[in-house]
Number of protein chains: 2
Amino acid sequence: MRAMKHTVGILGGGQLARMLAEAAHRLGISVTVFTARADDPAAQVTTRHILGSMSDRQALQQFLASVDVVVFESEFFDTALLADAAHDRNVRFAPSLDAIRQLQDKLTQKELLDRLGIATATHLIPRKDESIDDFVSRALDALGGAAVLKWARLGYDGKGVLIVDGSDASRMEARAFASAANEKNVPLFAERRIDFVRELAVVATRSTRGEFIAYPLVISEQQRSICKLVTGPATALGVSAELEHQAHDAARALAGALDYTGTFAIEFFETREGALLVNEIAPRVHNSGHYTQDACATSQFENHWRAVLGMPLGNVQPRHGFAMLNLLGPEGIERANDDVQPPFPSKRGHVHWYGKSRIVPWRKLGHVNGCTDAVSQLDGLVAELREIERAWSDRVRGERE
Amino acid sequence: MRAMKHTVGILGGGQLARMLAEAAHRLGISVTVFTARADDPAAQVTTRHILGSMSDRQALQQFLASVDVVVFESEFFDTALLADAAHDRNVRFAPSLDAIRQLQDKLTQKELLDRLGIATATHLIPRKDESIDDFVSRALDALGGAAVLKWARLGYDGKGVLIVDGSDASRMEARAFASAANEKNVPLFAERRIDFVRELAVVATRSTRGEFIAYPLVISEQQRSICKLVTGPATALGVSAELEHQAHDAARALAGALDYTGTFAIEFFETREGALLVNEIAPRVHNSGHYTQDACATSQFENHWRAVLGMPLGNVQPRHGFAMLNLLGPEGIERANDDVQPPFPSKRGHVHWYGKSRIVPWRKLGHVNGCTDAVSQLDGLVAELREIERAWSDRVRGERE
């Protein structure tokens, strides 16, 4: 009998899909990308793509007819539409649509975490017909005077998150926030505002064979709620090994409960009291795991494919110290990417550029990874990575439009 | 002033071009590939390619009109044709056509090495109108009773190399070898047959700024004159540090003398007397440097682009032990690649599959890289890499055609 050769599809064509496609190429896996535009980051490095929007049933059907395994770059696909479009076809989604469904909604995420006994911030949901003003008042009372409103779905990079207090200005913002959620037909909820020491994250992978590996716990720093800097291993940077154990246990329990296939990420708060609280879960490769491309024997992208296709998972052993700096569009600059030279790498800094069609302020345009053999050199390394970004943005600013 | 964004072309579309293209993508460099077929390894991972043969002047002109920097995956291009096709165009070749010209011919290579005082095997060239029989007799006399006939150009993977002795069978082979060279219009010469302990190799990179880096000296083992296994660092495997110094000095002197730009490789013999003799030089990224993808902070492919585009060269520090095993087409199997699943990676073994259109015996189809933190684990690692190959070839044999 001849073995079936898999034809694999990626839902999405942004930078995560691009890096997934590159890892697939190395393994000899042919990929088809489903994306909106032919110049999207992943479409530039693959010869097969099907163009369509997330809600374009006909394009999705065409895509699903051309592949037998589908992976996700984003959790924002409509799982009911996908199930329907895949009806009667021999297509496997990895992770399963059920796992995506449970994780794409922060409220079902929290229910799952509660069931598994994994700590997360206390939350509150609006009562039927409760006004946003009343809900905010109740939330501030119940959650200790400081609360965060969140959309249950479609939030990312600070979108769908609003810190509220009792002031008039804050109430105005809350009304706008609630009506935007309403327009998108997304429920909202309130969460206790966590007084955290730092944010931590872990990326892990579970295979169709049930094999599980977890990458080291890392420290992640945000700028305007967008991931900016990831450093690690956290345990070499003052975070207790006990917290890493807790993070790995949470990842293992979660993956097992969902019969999860592939790579996923959990973001945590480390509280002043030294506790670990889950902030959120992403059922896909994740920005907090980009460092794995240069710092670990096997990247999160390669392990995603290994997991999905039933191959043994790869060694994840990291270097002694590592850092990843996101390259965000500089303030005040908007220009076609084709008119701009990408950043120059440095001796220890490795540029990963996404080839987005436009340079736009605060947009994720690429990242830089670096490693050291001693944690004591990490500050110097981070300075070197920041210098790559500074030199590039100076260069772009200096060029006439 | 707006900076010129480079449009970069690769002459060739095989596995070296594919891995160069992937490294370019990460750096945000757009590449156009010049190759024979749309399903060649590099064309599968790029959206822009121009199809043509090495001697197709019109296609070459079209290619050269679309790029401003050109790199090579092979040294077998006709430099006069390229110079002519590039005439009047603002195209930079990296390395220069002059460097390619000097290195693509093994006789001019030897002259250069002699000038630089770098040791190489003694050689002899045929006299005008000397018959191949007379030449072989003279070579066996002059070179100590054992000689190797070589084509001065177009040799690779054992092609263009013939070991001769005084027997009738050997003289028959020598006549066929000489007439094949004659048909290709390639001069031949004879070289002393070296009684070597092992073969060593080094990959190095020199940038347009004159910056130079050398990767560690490695041990390379051939099977049927095709590179099969590379292990290193050689100095951790019983090769003296003095030989590594000599290899690095030779690479530096050679690159300086040619005002060389980019990555190149030197293959050496380590003689029984402990001397280092240059076997040959390749003016391009090289099979003996594929291990750098997983074992070094910066791969030979990325450093090639950094060098060519005037960026700082990347850190080349290797892991404590590493190995690269070439995946060659199994004997007796010929099949379309599309009908065959690629090899599965292992925990420590990273598969790099080239996506060649056909599986053919002894063809280079991919390679597997692995690293260890202790040289003592290297034998186990090599066994793990060999097991990947064995499991794959068993699987392919077991499938019906």
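Helices here are DSSP runs of at least four residues, numbered from the N terminus. With that in hand, helix H10 of chain A, residues 300–308, makes a handy starting point in this predicted model. A:Glu302 and A:Arg306 both sit in H10(A), 4 residues apart, or about one turn of the helix. The two side chains form a salt bridge, with their closest N and O atoms 2.9 Å apart. Both A:Glu302 and A:Arg306 are buried.

That pair has plenty of company, as the structure holds 46 salt bridges over all chains. Side chains of opposite charge can pair when their charged atoms come close. In chain B, B:Glu387 and B:Arg390 make a salt bridge too, and their closest N and O atoms are 2.7 Å apart. These partners are 3 residues apart in helix H11 (residues 378–398) of chain B, so about one helical turn separates them. B:Glu387 is partly exposed, at a relative accessible area of 38%, and B:Arg390 is partly exposed as well, at 41%. Over in chain A, salt bridges with shared partners link A:Lys110, A:Lys150 and A:Glu191 into one network.

Another pair reaches between two loops. B:Asp105 and B:Arg153 meet in a salt bridge, 3.7 Å from N to O. B:Asp105 belongs to the loop between helices H4 and H5 of chain B, while B:Arg153 belongs to the loop between strands E7 and E8, so the pair ties together parts 48 residues apart in sequence. What is the relative accessible area of B:Asp105? The value is 12%, so B:Asp105 counts as buried, the cut-off being under 20%. B:Arg153, at 28%, is partly exposed.

Now for the sheet in chain A. Its 4 strands form an open, antiparallel sheet in the order E6-E9-E7-E8. E6 (123–124) and E8 (161–164) are the edge strands, each pairing on one side only. Strands of a sheet pair through backbone hydrogen bonds. E6(A) and E9(A), residues 188–192, pair over 2 bridges, and A:Leu124 stands opposite A:Ala190 of E9(A). Helix H7 of chain A (residues 168–183) packs on the sheet, touching E7, E8 and E9, and its direction makes about 155° with that of E8(A). Helix H5 of chain A (residues 106–116) lies across E6, E7 and E9, at about 50° to E9(A).

Back in chain B, B:Ala146 is found in the loop between helix H6 and strand E7. B:Ala146 is partly exposed, with a relative accessible area of 26%. Leaving aside residues up to four places away in sequence, B:Ala146 touches B:Leu140, B:Val164, B:Glu191, B:Arg192 and B:Arg193.

Key. Residues are numbered from 1 along each chain as its sequence is written. Chains are lettered from A and ligands numbered from 1 in the order in which they are written. This is a predicted model: local features need pLDDT of at least 70, side-chain atom pairs count only at pLDDT 80 or more; totals for chains, interfaces and linings use all residues. Side-chain values use heavy atoms; hydrogens and water are left out. Two strands pair if DSSP finds at least two bridges between them. Contact means heavy atoms within 4.5 Å. Axes are lines fitted to C-alpha atoms, for helices over the stretch in contact, and angles run from 0 to 180 degrees between N-to-C directions. Buried means under 20% relative accessible area, exposed over 50%, partly exposed in between (1.4 Å probe, protein chains only). A salt bridge is a side-chain nitrogen of Lys or Arg within 4 Å of a carboxyl oxygen of Asp or Glu.
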